[in-house]
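Thank you for making the time this morning. I would like to walk through one structure with you, and I will take the aromatic side chains before anything else.

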Amino acid sequence: MRTVLFLLLAMLTPGHALAANQVALDNAVFVERVSTDAQGKQKILLEEPKVVVPGDRLVFVLNYRNAGAQPADKFVITNPMPSAVRFADAGDTRPFVSVDGGKQWGLLADLSVPMEGGSRRAAQPADVTHVRWAFQKPIPVGGTGNLMFRGVVK
Amino acid sequence: MMIAPVGGAKHRLLPSYSLIALLAAFALPVQAKAAGTRAGSTISNTASASFDTGGGTTTIDSNRVDLLVDELLDVTVDSSNPADVPTTPGATGQLLTFSVTNNGNGVEAFGLTTIANAGGDNYDPAVTQIHLDNGDGLFDAGTDTLYTPGANDPSLNPDQSITVFVLATTPGTVVDGNRGVVSLLAAAKTGTGDPGDSFAGQGEGGGDAVVGSTGADGQDAGAFIVSAATVTLVKSAVVTNSLGTTDPVPGATITYTIVATVAGSGSVSGLAITDNIPADTSYVPSSITLGGSGLSDAADADAGDYNGTRINVALGTVAGGQTRTVTFRTTID
């Protein structure tokens, strides 16, 4: 098996250091592949995205770190969806999403999109244009963590 | 802008095993139906973070990750003939129509081949030519391009289809009801294989070419059905004379009846019944009938005529299961 990268490795990836404020946000993308072994058991692996084709599932991992001397309050991470990627899910990270290009935000279940004729339908994962996480508490000095979401290459 | 903080996002390390377990809970990748993102395009992702460390809101960007989209090789072939195409024994230029669609995400050329001897039918149509449609969907040997493998393999854009015409000859030995199947195969010129096989650097836009769920080749079958008809003629004669007997004495009248029976699922065209007037008899003028109705002796608008030596009745096209009855009379000299 070629270059199987588990998330642990992703988390150890050195942060994207920015000296000015000492808060770093690092972005990594993996391809989620399913392999079936001889016993028919399925294994899901995260691989480096060496080959990416339509239909592939991508896992976006965002690592953040507060390497500064002050807690980082009102911490908000925003990730616009690449246009060629259809949002799938964000695991259990419960992000806010936008389905209108970043104008309005909410949990996906609470959002709707307009249809022709003036009515609205419930928003689907495919409608998501932005993903956003807002933190209730400040990131303490030295605090780190990560967030993830999945998308499918259109 | 923010409505409320999100409860689930806490700054904690997500243990790797829990994420792996989480991944396992989700469904298998789903293949995109349409061709999808064009091969060679780049997927770029950048996230941003905003926060306040005491001196007002600061916004930073993450690193940018660029992914090159590789070429997916996928093709489907569909028969455009909803039902078996009727043919007749020995017929040439018999037409089957197919549609070849590039389901991949890059421009790809496809090699075309046919299989006519796969079995499961009654005979093997002899494929003579493959033509590439000029875009109107109708076969015309004058305007559609004759396909030569390797020379003019059709190159299709993502999601583009081309209509392909397969011409075949029906063997003369087939009989009514026989079925002959021809499959058209299309295979990506870059390569075929098992889904996931890849051809390094051979994709459009500089990436790899990856075999998709179709195996980068596809095929579908079309079929001919032989629709033939056979004609059986039965001739009978009845003699009447002035004696009230059936003896063929001079002056007796012979009424000939010819019944043409067409059998089979097809039809016969240009069917005509001709019968010479026997020696030592004389034709009774205006005695030809077809289906009980009289016909004139002249070669005119009606189907029958008498030219001095024979009668002729033109029946035209008669479908299987029908009969035609012709009568005429002569007198014994």
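Trp133(A) and Phe149(A) are both buried, and I should say at once that this is a predicted model. The rings of these two residues, Trp133(A) and Phe149(A), form a tilted aromatic pair, with 6.1 Å from centre to centre and 40° between the planes. Since Trp133(A) belongs to strand S9 of chain A and Phe149(A) to strand S10 of chain A, the pair ties together parts that are 16 residues apart in sequence. Ring pairs also bring Phe60(A) and Phe87(A) together with Trp133(A) and Phe149(A) in a cluster.

Over all chains, the search of the whole structure finds ten aromatic pairs. Another of these is formed by Phe75(A) and Phe51(B), again tilted, at 5.9 Å centre to centre and 35° between the planes. Here Phe75(A) sits in strand S4 of chain A and Phe51(B) in strand S2 of chain B, so this pair joins two chains. Are these two rings buried or exposed? Phe75(A) has a relative accessible area of 1% and is buried, and Phe51(B), at 0% relative accessibility, counts as buried as well.

Phe75(A) also leads us to the nonpolar core. The largest such core has 38 residues, and those with the most contacts inside it are Leu58(A), Phe75(A) and Ile77(A). Both chains contribute to this core, for the elements giving two or more residues to it include strand S3 (57–66) and strand S5 (85–89) of chain A as well as strand S2 (48–52) and strand S4 (65–68) of chain B. Apart from it lies another core, of 30 residues, with Val166(B), Ala188(B), Val211(B) and Phe224(B) among them. As for the contacts of Phe75(A) itself, leaving out residues up to four places away in sequence, they include Tyr64(A), Trp133(A) and Ile139(A), and, from the other chain, Ala49(B), Ser50(B) and Phe51(B).

Let me turn to two polar residues of chain A. Asp73(A) lies in strand S4, which covers residues 73–80 of chain A, and with a relative accessible area of 32% it is partly exposed. Beyond four places in sequence, Asp73(A) touches Pro138(A), Phe51(B) and Asp52(B). Its C-alpha is 8.6 Å from that of Gln136(A), although Asp73(A) and Gln136(A) are 63 residues apart in sequence.

Asn27(A), in strand S1 (residues 23–36) of chain A, counts as buried at 2% relative accessibility. Where does a polar atom of its side chain find the backbone oxygen of Asn45(B)? The two atoms lie 2.7 Å apart. Among the other residues that Asn27(A) touches are Val61(A) and Leu62(A), together with Thr46(B), Ser62(B) and Arg64(B).

Finally, chain B as a whole. Chain B has one helix and 26 strands, and 39% of its 333 residues count as buried. If we consider contacts in chain B between residues at least 6 apart in sequence, 72% of them join residues at least 24 apart. The accessible surface of chain B comes to about 15600 Å², with 53% of it belonging to carbon and sulfur atoms.

One sheet of chain B deserves a look on the screen: an open sheet of five strands, in the order S6-S8-S13-S10-S11, with antiparallel pairing. Its edge strands, S6 (75–79) and S11 (145–146) of chain B, each pair on one side only. Within chain B, strand S10 (residues 126–132) and strand S13 (residues 161–169) run antiparallel and are joined by six bridges, and Ala126(B) has Thr169(B) of S13(B) as its bridge partner.

How values were computed. Residues numbered from 1 in each chain as written. Chains lettered and ligands numbered in written order. Predicted model: local features only at pLDDT ≥ 70, side-chain atom pairs only at ≥ 80, totals over all residues. Heavy atoms only, no water. Pairing = 2+ DSSP bridges. Helix = DSSP H or I, 4+ residues; strand = E, 2+ residues; numbered from the N terminus. Buried < 20%, exposed > 50% of the residue type's maximum accessible area, 1.4 Å probe, protein only. Polar contact = N/O pair within 3.5 Å; in protein donor to acceptor, adjacent residues only side chain to side chain. Contact = heavy atoms within 4.5 Å. Core = buried A, V, L, I, M, F, W, Y, C linked by side-chain atoms within 4.5 Å. Areas by Shrake-Rupley, 256 points an atom, 1.4 Å probe, with all protein chains shown as cover. Phe/Tyr/Trp six-rings, centres within 6.5 Å; stacked < 30°, edge-to-face > 60°.
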